[in-house]
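Student: I should like to learn how to read a structural model in a systematic manner. Could we proceed feature by feature, with the general idea stated before each case?

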Amino acid sequence: MKIENWITNTNAVRAWMSNELKDDGVKATLSNILDMANEQSSEDFLSSMWTAIRNIAGHLDGFPKARVGQPSVLSQEGQANVANVASLVRGAFASIGENHDILLKVILPHGRTGGEFESWSAYCDHMASTAESNMLSAVKENRWNAEEDILTCQAPLTKAEKDALKEEGGIAQEE
């Protein structure tokens with residue numbers, strides 16, 4: 001495993017551990033593996049440690065999945081910030097302790113998906129994914145610098161604000 005991938009993946013795991021993981025035994029085991037691996041620089045060793053982490057915690061709710069496909073446009077710090085906020089959002093929804101059955105009947109997946117969320121955990125995952133998508137959109141639209149605190153993120157313009165800017169010549173017509 002490349003060192004950059006190790007850092008990215010373990011930053012997400014550390015955020016998940018601090019915000020969501022409740023099992024102290026698993027937390028201690030993962031912390032020990034992370035500490036031991038951070039003292040090594042061998043890519044083979046890091047691959048083995050990542051496999052161990054996945055085998056121990058990969059089945060637990062909210063465990064961050066490794067990114068597949070093209071590399072992120074964000075820096076490692078930005079990726080860590082996004083992962084941390086997504087983990088906080090998931091944890092915030094997971095902490096809602098009552099009436100899951102009622103909420104799952106009235107809060108439905110978007111559009112073509114149809115049906116309902118299969119579990120409260122699936123809904124929490126959906127909300128974390130939505131938060132992550134919103135943060136990535138904010139970076140692409142220059143409304144947020146991912147290295148900064150999420151509270152510096154600006155909301156997208158409303159349709160009325162976009163129309164007003166178009167009339168003033170402030171933004172190009174959307175295609």
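Student: What percentage of the contacts in the chain with a separation of 6 or more is accounted for by residues 24 or more positions apart?

Tutor: The model is predicted, and all that follows should be read in that light. Residues 24 or more positions apart account for 57% of the contacts with a separation of 6 or more.

Student: How many helices and how many strands does the secondary structure of the chain come to?

Tutor: Begin with the list of elements and then their order. The chain has 7 helices and 0 strands, and from the N terminus its elements run α-α-α-α-α-α-α. The C-alpha trace spans about 60 × 40 × 30 Å along its principal axes.

Student: What share of the residues in the chain is buried, and how should the surface be described?

Tutor: Burial is judged by relative accessible area, with under 20% counted as buried. Of the 175 residues in the chain, 28% are buried. The chain exposes about 11,300 Å², of which carbon and sulfur atoms supply 51%.

Student: Which residues of the largest nonpolar core touch the most other members?

Tutor: A nonpolar core is read as a network of buried side chains joined by proximity. The largest one here has 16 residues, and those touching the most other members are Trp6, Val13, Trp16, Met17, Leu30, Ile53 and Phe63. The elements that contribute two or more residues to this core are α1 (3-19), α2 (24-38) and α3 (43-57). Another core, of 9 residues, lies apart from the largest one and includes Leu74, Val82, Val85 and Ala131.

Student: Is Trp6 buried or exposed, and what does Trp6 touch?

Tutor: Trp6 is found in helix α1. Because its relative accessible area is 1%, Trp6 counts as buried. Leaving aside residues up to four places away in sequence, Trp6 touches Met1, Leu34, Ala37, Asn38, Leu46, Met49, Trp50 and Ile53. For a sense of distance across the chain, Trp6 and Val106 are 100 residues apart in sequence and 40 Å apart in space, C-alpha to C-alpha.

Student: Which residues does Trp16 touch?

Tutor: With residues up to four places away in sequence again not counted, Trp16 touches Leu21, Leu30, Ala57, Leu60, Asp61, Gly62, Phe63, Pro64 and Ser87.

Student: How much space lies in the largest pocket, and which residues are the closest to its centre?

Tutor: Rolling a probe the size of a water molecule over the atoms reveals where empty space remains. In this model, about 830 Å³ of space lies in the largest pocket. Its lining has 35 residues, and the closest to the centre of the pocket are Ala12, Pro64, Lys65, Ala83 and Glu132. By class, the lining comprises 16 nonpolar, 11 polar and 8 charged residues. Helices α1, α4 (76-94) and α6 (120-140) each supply at least two residues of this lining.

Student: Why does Ala83 count as buried, and which residues does Ala83 touch?

Tutor: A residue may line a pocket and still fall under the cut-off for burial, which is 20% relative accessible area. Ala83, in helix α4, is buried because its relative accessible area is 18%. Ala83 touches Ala12 and Ala15, residues up to four places away in sequence not being counted. The C-alpha atoms of Ala83 and Asn9 are separated by 9.5 Å, although the two residues are 74 residues apart along the chain.

Student: Where does Tyr123 lie, and which residues does Tyr123 touch?

Tutor: Tyr123 lies in helix α6 and is buried, with a relative accessible area of 7%. Not counting residues up to four places away in sequence, Tyr123 touches Phe93, Leu104, Ile107 and Phe117. Tyr123 and Met17, 106 residues apart along the chain, have C-alpha atoms separated by 20 Å.

Student: How should the loops be read, and what is phi of Asn99?

Tutor: For a loop residue, consider backbone angle and accessibility together. Asn99, in the loop between α4 and α5 (100-106), has phi near 60°, a positive value in a residue other than glycine. Asn99 counts as partly exposed because its relative accessibility is 46%. Asn142, in the loop between α6 and α7 (159-168), has phi near 55°, also a positive value in a residue other than glycine. Asn142 is exposed, with a relative accessible area of 70%.

How values were computed: Residues are numbered from 1 along each chain as its sequence is written. This is a predicted model: local features need pLDDT of at least 70, side-chain atom pairs count only at pLDDT 80 or more; totals for chains, interfaces and linings use all residues. Side-chain values use heavy atoms; hydrogens and water are left out. A nonpolar core is a set of buried Ala, Val, Leu, Ile, Met, Phe, Trp, Tyr and Cys residues joined through side-chain atoms within 4.5 Å. Buried means under 20% relative accessible area, exposed over 50%, partly exposed in between (1.4 Å probe, protein chains only). Helices (H or I, at least four residues) and strands (E, at least two) are DSSP runs, numbered from the N terminus. Contact means heavy atoms within 4.5 Å. On a 1 Å grid over the protein atoms alone, a cavity is a set of points where a 1.4 Å probe fits but cannot get out, and a pocket is an open set with protein on both sides within 12 Å along at least five of seven lines; lining residues have an atom within 4 Å of a point. Grid points are joined across faces, edges and corners, and a volume is the space filled by probe spheres set on the points. Ala, Val, Leu, Ile, Met, Phe, Trp, Tyr, Cys and Pro count as nonpolar, Asp, Glu, Lys and Arg as charged, and the others, Gly among them, as polar. Accessible areas come from the Shrake-Rupley method with a 1.4 Å probe; for residues, only the protein chains shown count as cover.
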